[in-house]
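Reader: I'm new to this, so could you take me slowly through how the parts pack against each other? Please start with a place where two chains meet.

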Amino acid sequence: MQKSLHIDPGKCTGCLQCEAACSLVNEGAVNPSKSRIKVFNFHDEGRFVPYTCTQCDEAWCMQACPVDAIVLNPENGSKDVLNDVCVGCKVCTIACPFGTINYNSSTGKVVKCDLCGGDPECVAACPTQAITYVDANATGLDKMRAWAAKTDNAAGA
Amino acid sequence: MSWTRKILRVNLTNGTVQDEPLNMEWANDYLGQRGLATRYLVDEIDPKCDALGPDNKLIMTTGPLTGTIASTGGRYSVVCKSPLTGAVACSNSGGFFGAEMKFAGWDMVIFEGKSASPVYLHIENDVARLMPADDLWGQSVWAADHALRQKHQDPQVRIACVGRSAEQGCLYAAIVNDLHRAAGRSGVGTVMASKNLKAVVVRGTEGMGNVADPSQFMQTVKAGKKVLAENAVTGQGLPAYGTQVLMNVINEVGALPTRNMRDIQFEGANEVGGEAMHEPRKSDGKPNLTTNGACYACTIACGRISTIDRTHFSVKDKPEYWINSGGLEYEAAWALGPDTGVDDIDALTYANFLCNEDGMDPISFGSTVAAAMELFEEGVITTEHTGGMELKFGSAEALCWAAEVTAKGEGFGVDLGLGSKRLCEKYGRPELSMTVKGQEFPAYDPRGIQGMGLAYATSNRGACHLRGYTVASEILGIPEKTDPLESGGKAGLVKAFQDATAAVDSAGLCIFTTFAWTMDDIAPQVDAACEGDWSTERMMEVGERIWNLERDFNQKAGISGAEDTLPTRLLKEGAGSGPAQGRVSDLDQMLPEYYQLRGYGADGSMTDETRQKWSLPA
Amino acid sequence: MHYVIIGAGPAGVNAAEHLRQYDPLGKITLLVAEDVPPYSRMALPYYLADNIPSEGTYLRKEPGHFESLKIDLLQGRASSIDTQAKRITLLGGDTLSYDKLLISTGATATRPPIDGIDLDHVHNCWTLKDADKIVASTRPGSHVVLMGAGFIGCIILEALAEREVDLTVIEMQDRMVARMTNQVMGNMIKDWCVSKGINVKTSTGVTSIEKGTDSALLVHTNQGESLPTDVVVCATGVRSNTAFLDGSGIDIDMGIVVDDYLQTSVPDVYAAGDVAQGRDMSTGEYHVQAIQPTAVEHGRLAAHNMVYGHGVPHPGNVNMNILDTAGLISTSFGLWMGVEGGDEAEMCDRDNFTYLNLQFRDDVLVGASSLGMTQHVGVMRGLIQTGCHLGEWKDKLMKAPNRLSEAYLACAQSQHKALGPV
């Protein structure tokens, strides 16, 4: 069964445990600037919004890759960057309209959430279940929409 | 490791910045943060120097766990000599600034000298530069934060900043980071401003990759997080109500200092406590509390994110305050509320916003206002002094006005900026100042919680709850319940809390973890992160060494055991109501035993033997 | 049903794969011009810089990928098309019939008509073979003159710089990458290159090239300079590969004219990618965008329309570019040059080579360009493509342009205008 990250900003306290865990596991250092999940702090509205790739069905990044370096993981539906194939052309980083695949200039490769191969560290690290790993039963876009509806307050406040 | 092993030395007189290796010998003895920075301070300044002169130094310091994934591992402290007390100042803050220092690669920043004109320090990884801050001087913390973000155009920078109160010489000015976290106590902000240093802007993208045993560390961290999550205080009470969970509890046990500690219970406690922050308002149906917010890596998230009722008199014409910002924590709520007799939660929240906006310690501010209100009711301070304001207990208008004038250092605000001790001395009634060593009390009356009397009297930074929080044991039963009205056995309890706290602070963790964690939960995390063996016993030793180092600094600064005392009111005037009715603080019964346990002379003096035992510098 | 695709670049390959997805039974023939598996031109600079082997440039890595999808690769070039008879004639005389045809022949590098342009040691950098020649003729310390600091020139520049050659760039325009930069950003890129030890001569043209005596070549400029060099790399421009369409009845402008279904003026003949003059989402006009994401989306969309017929018209593609000039990353999106009556927000830090420029029409982001930014840059596309109203966030962005991601989360996510597949 395919699963996906479910983000509930209403539960987020902005502690950045997810960023710390993500960067530690994937980059070898606690370094939020290199985390694949990012918590945005809407200070004046009193809201924290974790944000990362939803593994959208459109897979803009994967489609745009000129060298087939982003592949669908059939196990969990994630779109994974193959580091040894990625040439670092960055075209995926402009193709993804969500801005959730980014270039790491120190490695010369792009990075994105790969659900940690099916056991996402951000989920394990989140103390409030703001980020959970749930059965996927909606398309990426629908997920985005459902998720977006919950952030309406952020725009309206 | 977990230390970056690198410190940044900033000479403000010469305008130079340079890096130097961390003294690892000292790190082995003092761990980090509070302990390690104090070791540097002891080595580098004359304890008798003018706290506001160029000879004082200001150290921003992290612990080895700061910036790691350990829960609450985001703390940093500011260490210097205090202008409020003349003792060592060490003010601890959360938020994200400390972790960012580590991500940029620094354990510590030492500021020395004084700049000829206002400057701020910009740190971007290993590059640090002093930048002119003439345009920022005269601006609040919030305005300067905004301006610095505009200037650097990086939403991710972390900023620690002083406000107008510090610039104007308010003696309890704080250094505020991340808009509403503060190194609050003892006037560390005043020292920063005295050096013409407005702000520190830091951005770190290097990260923390130097944990000694990563897999062991992850295991111990996960175990620690589980303990915090499953504990009723850290897992439920603090997230839901913040530290404000205490307001009604402490009121009921009869230890809520009220109206400058004239009373010991507050009839309006229910209006300003944690539960009240959840109550929907009449005007817009929203509660005071919007959500809880965490500091870096904190899995407790006790922080309050609040709004003020837009129809409230304090802000109805000021839309700039219609935002969410840092809400009331228990100590602030107490000082601004019960201690001034004000039960208007919006007024308290407004005053708290102003304390954050212009960098004032709300405990010292509220207590000073309380003293001024008593002086006003005694007829010593009059409307002539205040420019017409009726400074009466219970007046929300007076509280809001006081916050405004003190934040900007205007008119009577200059007097309020002196702090309770100097204010009461100025007006000839020193006995009305509720302070120890010049620092104002926090929110626990030592007549109702006996251990706290000893903790206040002996605290190395003046009256303070965070140097030995026996409330945990005496009220909450952590780690075991003791009778708050009993003074027997409290000397050992206070000492144990003092030593443990020094060690926890020095690791870079938050003291609130100790509602759930014992040193047996903390030591393994330090041990996995740091080189060497860090057992519970070693942590307690480090804590005791730090305590004595601080005590020795104070002694060399001229502060003797005679100042280990409490205001006459707490020693002579019996509590007026509640379980502690009729009781005074039994300090005199606890102090001798405490000195003995500490290895001090009968007068509280540091002995050579004790100094040698802990290898303290001569 | 026989689908024929001429040209095996990203548009052609994506079209072939989607044709297979949409029509499991149809016959698909993909005409490959070069004697190598379908490869990505975008990857050539990385090959040139020795970062990847030539196989690393292949569009599809899996052995037997095309066979497994029953896509027939046919090596050959089209010489003409009889759209009445639905028949393609190949170079060499073979013919190929089709039911539906997609032309995705891309573009070819051009050389300016100056004396000496055809001398040995003057190379384009367009094909894998070109790249091989450059690799073979340069080594660290070699003198190289690069003609053209446009988009392709800058990509090659990065690769050449990594080969540690002594590099001089000559650009006729007054700034680098004029197609995606304003004056400020173009000059910042130039400053960056100069700081990396690259000679950059803007507002300079090459007038002629001749054989040298002490060096292989001598390059003369309109500024009166004569530059001795070992190699000249020409990256002055490209043109769409449409010559073989003469007499086919297919309308050609700057590229092949297509409608909003990517069909050419002739029924059952489609065009996609760098050869197609498709709709630009921002302007509503028809341009050759010549960018990878558009090629891919064209391929997919053309395949869809070839199989299912013409349903929803294509709203057009957002023009966008990302460029790495010797380590300095620049992007541009949509109407980065701004619109009449619109507002502009700019952030510029010359010392740190960071720049961000946002262009608004009312409270809608219509264009953006950046320098030195790598995080969340895709939200610029997201905001432009969704056309969402920014409301109060526009004012926030006017003051702090780099709060883009927050603006995106606050506005585009919640207005959730369809970001459906093209």
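Author: Sure, one bit of vocabulary to begin with: two residues are in contact if their C-beta atoms, placed from the backbone, lie within 7 Å. Also, this is a predicted model, where local features need pLDDT of at least 70 and side-chain atom pairs count only at pLDDT 80 or more, while totals for chains, interfaces and linings use all residues. Residues are numbered from 1 along each chain as its sequence is written, with chains lettered from A and ligands numbered from 1 in the order in which they are written.

Now look at where chain B meets chain A: 26 residues of chain B are in contact with 20 residues of chain A. On chain B's side, α7 (214–230) and β13 (289–293) each supply at least two residues. (Helices, H or I with at least four residues, and strands, E with at least two, are DSSP runs numbered from the N terminus.) The top contributor there is β13(B), with 4 residues. Sort that side of chain B by type and you get 12 nonpolar, 12 polar and 2 charged. Here Ala, Val, Leu, Ile, Met, Phe, Trp, Tyr, Cys and Pro count as nonpolar, Asp, Glu, Lys and Arg as charged, and the others, Gly among them, as polar.

Staying with chain B, check out I59(B). Leaving out residues up to four places away in sequence, I59(B) touches A37(B), Y40(B), L41(B), V78(B), V79(B), C80(B), M108(B) and I110(B).

Over in chain C, helix α1 (residues 10–22) packs with helix α7 (residues 292–308). The residues of that contact split into 12 nonpolar, 7 polar and 1 charged.

Note on methods:
Axes fitted to C-alpha atoms, helices over the stretch in contact; angles between N-to-C directions.
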